[in-house]
Amino acid sequence: MTITFLILAAVTIAGMAAAMGLRNLIHCVLALTLGFVGLAALYLQLNAQFVGFTQILVYIGGVAILAVFAIMTTQSAEPVAHPGSAAYWITGSAVAAGVFAVLAWAICGSGTHARALPAQIDVPAQQIGFALMRSYVLPLEIMGLLLTVALIGAVVVATPVRKGEL
Amino acid sequence: MMTRVQMVDQIFVIAKHSLLAHVPAMWQPLCSAVLSVVPVMIVFPLLFAITTILERKGLARQQNRFGPNRVGPCGILQPIADGVKSLTKEDIVPRSADQMVHLLAPLLLVTAAFLGYAVLPIGRNMVITDMNGGVLFFFAISSLVELAVFMAGWSSRSKYSLFGAMRAIAQMISYEVPLVLAAIVVIMAAGTLSTVSIVNLQASYTGIFPHWFVFTPWGFTGFALFMIAATAESNRSPFDLPEGESEIIAGYYIEYSGFKFALFFLGEYLGMMATSAMAITLFLGGWSAPFSFLTWIPSYVWFFAKLVALICGFIWIRGTLPRLRMDQLMNFSWKFILPMTLLNIIAAGVWRFMPGGPLRWLVCSALIAGPFIVLGRATSWQGKGVAVRKYRYAE
Amino acid sequence: MSPLSSYLLLSALLFSIGLAGALSRRSAILVLIGIELMLNAANLNLIAFWRYGPRPEVLTGVMFAVFSITVAAAEAAVGLGLILAMYRHSKSTDLDQMTSMRG
């Protein structure tokens, strides 16, 4: 539990909690971006450079911008999100606290803090390329198919109907 | 021992090592990092100042007028006057603006712009950090700029700035895909994502000619596509509709004044210089000399010479071409630039697996030039025939 | 507590924050953001196990995380398209008003 990990964990948790709790939708998305940056830094801490940079490129450069566009297009006036009534929050928080309790009990009760941990290895990007083209070529092709289907599907779903409604 | 030429070439590295020797061992990593970063943070804003005066004088001469010529001999000290002006101007924030986001947007922009310089090799052995995934890091950081643009446009709570921000983000997203695809050709050819390795691969010579990637058909096309996409990514003319001065006044930074406006300006130009520097690293051989008999000139001199040449190219294009409309811009990106980058990747693959010789050159050039002509005609006619223009003069 | 346990606890905490948000917020976009958060927490778990696992040179964790990021991005795109269609139909993204199956 080094000091770097504690700072990054604090930043990530603060960002994600703010993303779920703030009133203004745009502020939620910006706090989510902060959480993504914290997560990318944690991936870099874990020596997964490729995943860390892909996280920034895809999530911040893609998903966050997409969320912002969706908020802009679906707001009539000011982007204010009702926080929901108190009953929702109590139930939701209770369920989430229960899930966290079960997970924490499983983690602390397992043998993960008793084993010896391996040393760091360096993963050159070429190894990832080889892995993608040799062992993981079928998932790669299926990902291509999935992305094409998702792209076409999102355009079809979001296109306005020509006649009838405006 | 080093020859005198090598000593001049490595003078900054030698200076840094000799300064570090005086520092106690515990502080050495921190001081090493500081000594690497501070020169970059001084040199590139200086280059930004030189670029502003170069641009104003260059544009002025293209438009048949003098540029600024009051401050200093031939107006050379104009950036100092501009700096003093922007530092002392009143910082006006609209009352209905979102204060926190309004403040953070230029900071995020400048931070993202500066972070991109961390992986660019400025000279032999002169890079801030040699990352395994350097090129990927650069493109990931430049995607932070889009978010900063949105924050600036939305937080000002003004219709002009929101329009400008939405247009700017749509343009940046549309041109980010061809930018990355044009860079992927180089990564395919070099087999590595590390910028230092890519430059080292280009720094060898056959006869007197260098092995720069721009001297191959796919490299030349890739360079051209990369520079077009880079112009659009930095919102420079002819792609500067989001900040078109004659249309929506200043687009997403319309409500900013004083120091924050200067930060936006700085961030935009730094981004332009960083992308040019990445183009130099990927295609133009980084710090290597163009001919083998010119290697006695230090490597950092070549890097900055190429950078200034590319910046002059940007200024030249700004003064020459008219602005593209939004739909023309998007059509250009998705229907022309993107298919050309994909064809370029195929051409680079063909180049890699064919035996060397004139046939390889012919096949790859035909693979790129044929669709270029076909696509160019298909996207420019837009269904209407090209008619002879009839002029009507006032009677 | 070993580094692996601390990463797993952090990922469990992020997952439960995302779950709380997805269950409690009324705006459809925030529910989607909560789902993205849960996917991110799972990614962190994958990378932590890859790093501290028995054979990191096989790259299973990295591959799994990259594919997970891809699928999450595709799902966010489709989900936000659905939200756009929903807004166009009923002029609001409030999930409490989506109570009937009738169009």
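**Exercise 1. An asparagine in a loop**

Work out where Asn235(B) lies and whether Asn235(B) is buried or exposed.

*Solution.* Start with the location: Asn235(B) sits in the loop between helix 10 (217-233) and helix 11 of chain B. Helices here are DSSP runs of H or I with at least four residues, strands are runs of E with at least two, and both are numbered from the N terminus. Next, the backbone: phi of Asn235(B) is near 55 degrees, a positive value in a residue other than glycine. Last, count neighbours. A residue is buried if 20 or more other C-beta atoms lie within 10 Å of its own, exposed if 12 or fewer, and partly exposed in between, with C-beta atoms placed from the backbone. Asn235(B) has 25 C-beta neighbours inside 10 Å, so Asn235(B) counts as buried.

A quick note before you go on: this is a predicted model, where local features need pLDDT of at least 70 and side-chain atom pairs count only at pLDDT 80 or more, while totals for chains, interfaces and linings use all residues. Residues are numbered from 1 along each chain as its sequence is written, and chains are lettered from A and ligands numbered from 1 in the order in which they are written.

**Exercise 2. Two more residues to classify**

Do the same job for Asn47(A) and Ala33(B).

*Solution.* Take Asn47(A) to begin with: this residue is in the loop between helix 2 and helix 3 of chain A. Phi of Asn47(A) is near 65 degrees, again positive in a residue other than glycine. With 17 other C-beta atoms within 10 Å, Asn47(A) is partly exposed.

Now Ala33(B), which belongs to helix 3 (residues 28-62) of chain B. Ala33(B) has 12 C-beta neighbours inside 10 Å, so Ala33(B) counts as exposed. Along the chain, Ala33(B) and Thr129(B) are 96 residues apart, yet their C-alpha atoms are separated by 9.0 Å.

**Exercise 3. One helix and its partner**

Describe helix 11 of chain B, then say how helix 5 of chain B packs against helix 11 of chain B.

*Solution.* Step one is the span. Helix 11 of chain B (residues 259-282) has 24 residues and reaches 34 Å from its first C-alpha to its last, close to the 34 Å expected at 1.5 Å a residue. (The expected span is 1.5 Å times one less than the number of residues.) Step two is cover: 19 of the 24 residues of helix 11 of chain B are buried, so the helix is mostly covered.

Step three is the packing. Helix 5 (residues 99-115) of chain B meets helix 11 of chain B at an angle of about 25 degrees, with axes 9 Å apart. Axes are lines fitted to C-alpha atoms, for helices over the stretch in contact, and angles run from 0 to 180 degrees between N-to-C directions. That makes helix 5 of chain B roughly parallel to helix 11 of chain B. The cut-offs: under 35 degrees is roughly parallel, over 145 roughly antiparallel, 65 to 115 roughly perpendicular, and the rest oblique.

**Exercise 4. Helices 1 and 2 of chain A**

How are helix 1 of chain A and helix 2 of chain A oriented to each other?

*Solution.* Read off the geometry: the angle between helix 1 of chain A and helix 2 of chain A is about 155 degrees, and their axes are 7 Å apart. The two helices are therefore roughly antiparallel to each other. Then look at who meets whom: residues of helix 1 of chain A including Leu8(A), Gly15(A) and Ala19(A) meet residues of helix 2 of chain A including Ala31(A), Gly35(A) and Leu42(A). (Residues are in contact if their C-beta atoms, placed from the backbone, lie within 7 Å.)

**Exercise 5. Which chains touch?**

Sort out the contacts among chains A, B and C.

*Solution.* Of the 2 pairs of chains in contact, chains A and C share the most contacts. In that pair, 68 residues of chain A are in contact with 59 residues of chain C. Helix 4 of chain A gives the largest share of chain A's side, 14 residues.

The contact of chain A with chain B takes 16 residues from chain A and 20 residues from chain B. Here the largest share of chain A's side, 10 residues, comes from helix 3 of chain A. Chains B and C do not touch, and their nearest C-alpha atoms are 14 Å apart.
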